[in-house]
Amino acid sequence: MINKIKKFFKDFGLSEIRAGMKITGKQLTSDKITVQFPEERTPISPRFRGLLALRRYPNGEERCIACKLCEAVCPANAITIESEMRDDGTRRTTQYDIDLFKCIFCGFCEEACPVDAIVGTHIFDYAFETREGSIIDKEGLMEIGDKHEKAISKARQEDSKYR
């Protein structure tokens, strides 16, 4: 009987609506956090993984040794690698493609790479207009790496603090 009386007052007292209105009132009076996106940026975690890039050694030679570990570990099968032997006996890639429609930005490729060739940058605002634009080839990945090498190196140093 007491439970029925409590339920009656709870239902007709509109306690749920009052609780919701209390939360709404707090939100209306609190300071708003608005970021004017292109001009202002929100803080990014040091471990954020954005657009992928291929890096070079300081002497300009590409780092990738075509071990294909990144291709093997990729859970989405987003990476395609073809390689050949060079005259000096080293193996290098002839094709290195990443399909951004498939890529889930998990970072497994970055973790598997023994020479730190493939890395996730802090670039998150990129776009492409055609389906073919979603596939970044070796030259495109190297261009991203060359363009953002200073930021990548700095992020790698900061990330090493957390390992």
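Author: One term is needed before the questions begin: contact means that heavy atoms lie within 4.5 Å. This is a predicted model, in which local features need pLDDT of at least 70 and side-chain atom pairs count only at pLDDT 80 or more, while totals for chains, interfaces and linings use all residues. Residues are numbered from 1 along each chain as its sequence is written, and side-chain values use heavy atoms, with hydrogens and water left out.

Reader: Leaving aside its neighbours within four places in sequence, which residues is Ile104 in contact with?

Author: Ile104 lies in the loop between strand 3 and helix 4, where helices (H or I, at least four residues) and strands (E, at least two) are DSSP runs numbered from the N terminus. With a relative accessible area of 53%, Ile104 is exposed (buried means under 20% relative accessible area, exposed over 50%, and partly exposed in between, with a 1.4 Å probe and protein chains only). Once the neighbours within four places in sequence are left aside, Ile104 is in contact with Pro75 and Ala76.

Reader: How far apart in space, C-alpha to C-alpha, are Ile104 and Thr24?

Author: Along the sequence, Ile104 and Thr24 are 80 residues apart. In space, taken from C-alpha to C-alpha, the distance between Ile104 and Thr24 is 36 Å.

Reader: Of the 15 residues of helix 2, how many are buried?

Author: Helix 2 covers residues 15-29 and reaches 21 Å from its first C-alpha to its last, close to the 21 Å expected at 1.5 Å a residue (the expected span is 1.5 Å times one less than the number of residues). Helix 2 lies largely in the open, because the number of its 15 residues that are buried is zero.

Reader: What is the order of the strands in the open sheet of three strands?

Author: Strand 2 (residues 79-85) and strand 3 (residues 91-99) pair in the antiparallel sense over seven bridges, where pairing requires that DSSP finds at least two bridges between two strands. These two strands form a hairpin with five residues between them, and Gly89 in the turn has a positive phi of about 90°. Strand 3 also runs antiparallel to strand 5 (residues 135-136), to which two bridges join it. With antiparallel pairing, the order of the open sheet is 2-3-5.

Reader: In strand 5, which residue is the bridge partner of Ile98?

Author: Strand 5 is one of the edge strands, strand 2 being the other, and each pairs on one side only. Within strand 5, Ile135 is the bridge partner of Asp99, and the partner of Ile98 is Ile136.

Reader: How many residues does the largest nonpolar core have?

Author: A nonpolar core is a set of buried Ala, Val, Leu, Ile, Met, Phe, Trp, Tyr and Cys residues joined through side-chain atoms within 4.5 Å. In the largest one, the residues with the most contacts inside it are Ile79, Tyr96, Ile98 and Ile118. At least two residues of this core come from each of strand 1 (52-54), strand 2, strand 3, strand 4 and helix 5 (138-147). The number of residues in this core is 26.

Reader: Which residue has a side chain that makes a polar contact of 2.5 Å with the side chain of Asp116?

Author: Asp116 lies in the loop between helix 4 (108-112) and strand 4 (118-120). A polar contact is a pair of N or O atoms within 3.5 Å, where within protein one must be able to donate a hydrogen and the other to accept it, and residues adjacent in sequence count only if both atoms are side-chain atoms. The side chain of Asp116 makes one such contact at 2.9 Å with the side chain of Arg55, and the partner at 2.5 Å is Arg156.

Reader: Which residues form one aromatic cluster?

Author: Rings of Phe, Tyr and Trp (its six-membered ring) pair if their centres lie within 6.5 Å, and planes under 30 degrees apart count as stacked, over 60 as edge-to-face and the rest as tilted. By this rule there are three aromatic pairs, among them the tilted pair of Phe37 and Phe124, at 6.1 Å centre to centre with 50° between the planes. Phe37 lies in the loop between helix 2 and strand 1 and Phe124 in the loop between strand 4 and strand 5, so this pair ties together parts that are 87 residues apart in sequence, while Phe48 and Phe124 form an edge-to-face pair at 6.2 Å with 90° between the planes. The aromatic cluster is formed by Phe37, Phe48 and Phe124.
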